[in-house]
Amino acid sequence: MGALPVFRWHLAPDGYATRRQLRARNLRPGGQGVAAQLERPRRRRGPLVAYLYRVEDAKPVRPMTPAKWAALAKANTARRTCPHCRTDAGYVIPPSLGMCVPCAYPEPSEALRSA
């Protein structure tokens, strides 16, 4: 196989799409290799590269099964549960804190305020 065709940013011909563009059309690459690449030049670093796939060879996105929906719900519940107080925080716990906001920044007690 030869070198990939390289196109400048915004100048790719019709029939090529990135993964995100395929997903927006409810398609996936479907096992095909990269067909071409886009390059966007930058001043002091190497160019930004985006890989392109052929739209005609793309396949439809597989539908979610009930088992996949259940696994996704379980994963999201785990992301919302505070490991410190074991309650559902109502939002995804920030990884930087590692716990819900009330556990990370507890309110000072009334005894400390009056002193």
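Where is asparagine 26 found? In this predicted model, asparagine 26 is found in the loop between α1 (19-24) and β3 (27-28), and the phi of asparagine 26 is near 60°, a positive value in a residue other than glycine. Most residues other than glycine have a negative phi. With a relative accessible area of 53%, asparagine 26 is exposed, since the cut-off for that class is over 50%. Histidine 10, likewise not a glycine, has a positive phi of about 70°; its place is in the loop between β1 and β2, and histidine 10 is exposed, at a relative accessible area of 72%.

The strands considered next form an open sheet of four members in the order β1-β4-β5-β2, with mixed pairing. The edges of this sheet are occupied by β1 and β2, each of which has a single partner strand, so that one side of each is left without a neighbour in the sheet. Strand β1 (residues 6-8) pairs with β4 in the parallel sense, over three bridges, and within this pairing the bridge partner of phenylalanine 7 is leucine 38 of β4. Strand β5 (residues 48-54) and β4 run antiparallel and are joined by five bridges. Along this antiparallel pairing, glutamine 37 stands opposite tyrosine 51, leucine 38 has alanine 50 as its bridge partner in β5, and arginine 40 stands opposite leucine 48. Leucine 38 is thus a bridge partner both of phenylalanine 7 and of alanine 50. At the other edge, strand β2 (residues 16-17) is joined to β5 by two bridges, the two strands running antiparallel, and here alanine 17 stands opposite tyrosine 53 of β5.

Glutamine 37 offers a view of the surroundings of a single residue in this sheet, as it lies in strand β4 (residues 36-40). With a relative accessible area of 13%, glutamine 37 is buried, because that class covers values under 20%. When residues up to four places away in sequence are not counted, glutamine 37 touches Leu4, Pro5, Val6 and Phe7, together with Val49, Ala50, Tyr51 and Leu52. Among these, Tyr51 is the residue that stands opposite glutamine 37 in β5. The side chain of glutamine 37 also makes a polar contact, at 3.1 Å, with the side chain of glutamate 39. In a regular strand the side chains alternate between the two faces of the sheet.

Turning to the helices, arginine 23 has its place in helix α1 and is exposed, with a relative accessible area of 53%. The C-alpha atom of arginine 23 is separated by 7.7 Å from that of valine 61, although the two residues are 38 residues apart along the chain. In helix α2, leucine 72 is partly exposed, with a relative accessible area of 38%, a value that falls between the cut-offs of 20% and 50%. Leucine 72 forms a nonpolar patch on the surface with Met64 and Trp69, and the accessible area of these residues together is about 310 Å².

Cysteine 85 lies beyond this helix, in the loop between α2 (66-80) and α3 (101-104). At 31% relative accessibility, cysteine 85 counts as partly exposed. Once its neighbours within four places in sequence are left aside, cysteine 85 is in contact with Cys100 and Cys103. The separation between cysteine 85 and alanine 73 is 20 Å in space, C-alpha to C-alpha, for residues that are twelve residues apart in sequence.

How values were computed. Residues numbered from 1 in each chain as written. Predicted model: local features only at pLDDT ≥ 70, side-chain atom pairs only at ≥ 80, totals over all residues. Heavy atoms only, no water. Buried < 20%, exposed > 50% of the residue type's maximum accessible area, 1.4 Å probe, protein only. Contact = heavy atoms within 4.5 Å. Polar contact = N/O pair within 3.5 Å; in protein donor to acceptor, adjacent residues only side chain to side chain. Patch = residues over 30% accessible without salt bridge, like charges linked within 9 Å, V, L, I, M, F, W, Y side chains within 5 Å. Areas by Shrake-Rupley, 256 points an atom, 1.4 Å probe, with all protein chains shown as cover. Salt bridge = Lys/Arg side-chain N within 4 Å of Asp/Glu carboxyl O. Pairing = 2+ DSSP bridges.
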